[in-house]
Amino acid sequence: MVDNRYATALVIAAVLSVLASVYLSVSVGSPHWYRYTSPPVHAEHNATELRALQEEFLDGEFDEKTASDALFRMNGTLGLWWRCVQTHLDAHWYKEHDPQMVLECVSFTPSQQFTPKYKEPGNHNSGEDMIRTYLWRCQFLLPLVSLGLVVLGGLIGFCACVCSSLAPALFIGLLQLLAGLCSLATVCCFLAGMDLLHRVSMLPDRVDASLGWSLYLALIASPLYMMSAALLVWAARSHSQTYDRMAVYRVA
């Protein structure tokens with residue numbers, strides 16, 4: 001028999017875990033982790049150059065240098081699985097005072113996620129940048145690990161509910177804690193990778209960079225997982241101590 005306090009803690013922990021998983025899933029599937037604000041274009045030459053850059057970005061083979069230039073100059077946004085630029089279908093949009101822009105996105109394929117990064121983006125002869133390479137791979141894999149741990153914890157919790165046992169709660173709490181750490185590590189890897197990219201690939205003049213809302217969602221997911229873990233660990237340990245005291249009392 002589970003005390004009402006422990007049952008309430010388990011329910012709150014489950015709600016927090018589900019909420020954190022929704023936040024993390026939405027953030028992973030969104031391209032708004034990082035965004036660039038570019039100055040408006042008013043010259044035909046620059047507009048033609050941007051259109052060529054847009055076509056290579058959307059239809060050409062992936063190249064970090066080309067992709068970065070397009071993001072810098074076309075109000076781009078970057079996510080874990082997506083990269084997007086703002087485009088316009090009208091060939092003379094640059095002459096309009098306030099043209100309506102459309103966000104066009106391209107996904108990173110699994111092979112592109114594991115493509116090595118180079119010390120000079122786009123220059124394969126400059127040598128591989130191991131730090132940026134592994135940071136990029138970690139930011140791709142860690143959220144998947146985090147969600148996998150939550151699913152595993154959910155399956156164990158379902159089996160525990162069927163068996164009316166609170167024994168696995170401590171292990172599930174540890175899984176939730178690891179999921180929270182993986183979520184936090186994803187954000188750290190992404191920010192560190194972007195900082196290193198900007199060091200080797202300078203932003204053009206009057207281009208501003210800022211964090212997107214998706215990154216904050218992933219950041220919020222981490223403490224939610226940890227609060228869920230704390231509740232589960234508390235419920236498991238408190239229930240165990242109560243059970244031990246009851247056993248001693250019955251023996252006495």
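Which hand does the link of cysteine 84 and cysteine 105 have about the S-S bond? With 105° about that bond, the link is right-handed, and I would like to start from there and work outwards.

A word first on what we are looking at: this is a predicted model, in which local features need pLDDT of at least 70 and side-chain atom pairs count only at pLDDT 80 or more, while totals for chains, interfaces and linings use all residues. Residues are numbered from 1 along each chain as its sequence is written, and side-chain values use heavy atoms, with hydrogens and water left out.

The structure holds one disulfide, a term that here stands for a pair of cysteine sulfur atoms within 2.5 Å. The disulfide joins cysteine 84 to cysteine 105, with 2.0 Å from S to S. Cysteine 84 lies in strand E3 and cysteine 105 in strand E4, so the pair ties together parts that are 21 residues apart in sequence. Helices and strands are DSSP runs numbered from the N terminus, helices being H or I with at least four residues and strands E with at least two. Cysteine 84 is buried, with a relative accessible area of 0%, whereas cysteine 105 is partly exposed at 34%; buried means under 20% relative accessible area, exposed over 50%, and partly exposed in between, with a 1.4 Å probe and protein chains only.

What about cysteine 188 and cysteine 189? The sulfur of cysteine 188 is 7.0 Å from the closest cysteine sulfur, in cysteine 189, which is too far for a bond, and cysteine 188 counts as partly exposed at 46% relative accessibility. Cysteine 189 is in no disulfide either, the nearest cysteine sulfur being that of cysteine 138, 4.8 Å away, and at 12% relative accessibility cysteine 189 counts as buried.

Let me return to the strands, where two strands pair if DSSP finds at least two bridges between them. E3 (residues 82–87) and E4 (residues 102–107) run antiparallel and are joined by six bridges, with arginine 83 opposite valine 106 in E4. On E3's pairing with E2 (residues 77–78), the sense is again antiparallel, over two bridges; a hairpin of three residues joins E2 to E3, and leucine 78 stands opposite arginine 83.

Leucine 78 also brings us to the interior. It is one of the residues that touch the most other members of the largest nonpolar core, which has 41 residues, and Trp33 and Phe190 are also among them. Such a core is a set of buried Ala, Val, Leu, Ile, Met, Phe, Trp, Tyr and Cys residues joined through side-chain atoms within 4.5 Å. The largest share of this core, eight residues, comes from H6.

How many cavities of 30 Å³ or more does a search of the whole structure find? It finds two, and the largest holds about 190 Å³ of space. A cavity is a set of points, on a 1 Å grid over the protein atoms alone, where a 1.4 Å probe fits but cannot get out, and lining residues have an atom within 4 Å of a point. Of the 17 residues that line the largest cavity, Leu78 is among the closest to its centre, together with Glu64, Ser68, Trp136 and Leu197. Helix H3 (64–73), helix H5 (130–162) and helix H6 (169–200) each give two or more residues to this lining, and H3 provides the largest share, five residues.

Note on methods: On a 1 Å grid over the protein atoms alone, a cavity is a set of points where a 1.4 Å probe fits but cannot get out, and a pocket is an open set with protein on both sides within 12 Å along at least five of seven lines; lining residues have an atom within 4 Å of a point. Grid points are joined across faces, edges and corners, and a volume is the space filled by probe spheres set on the points.
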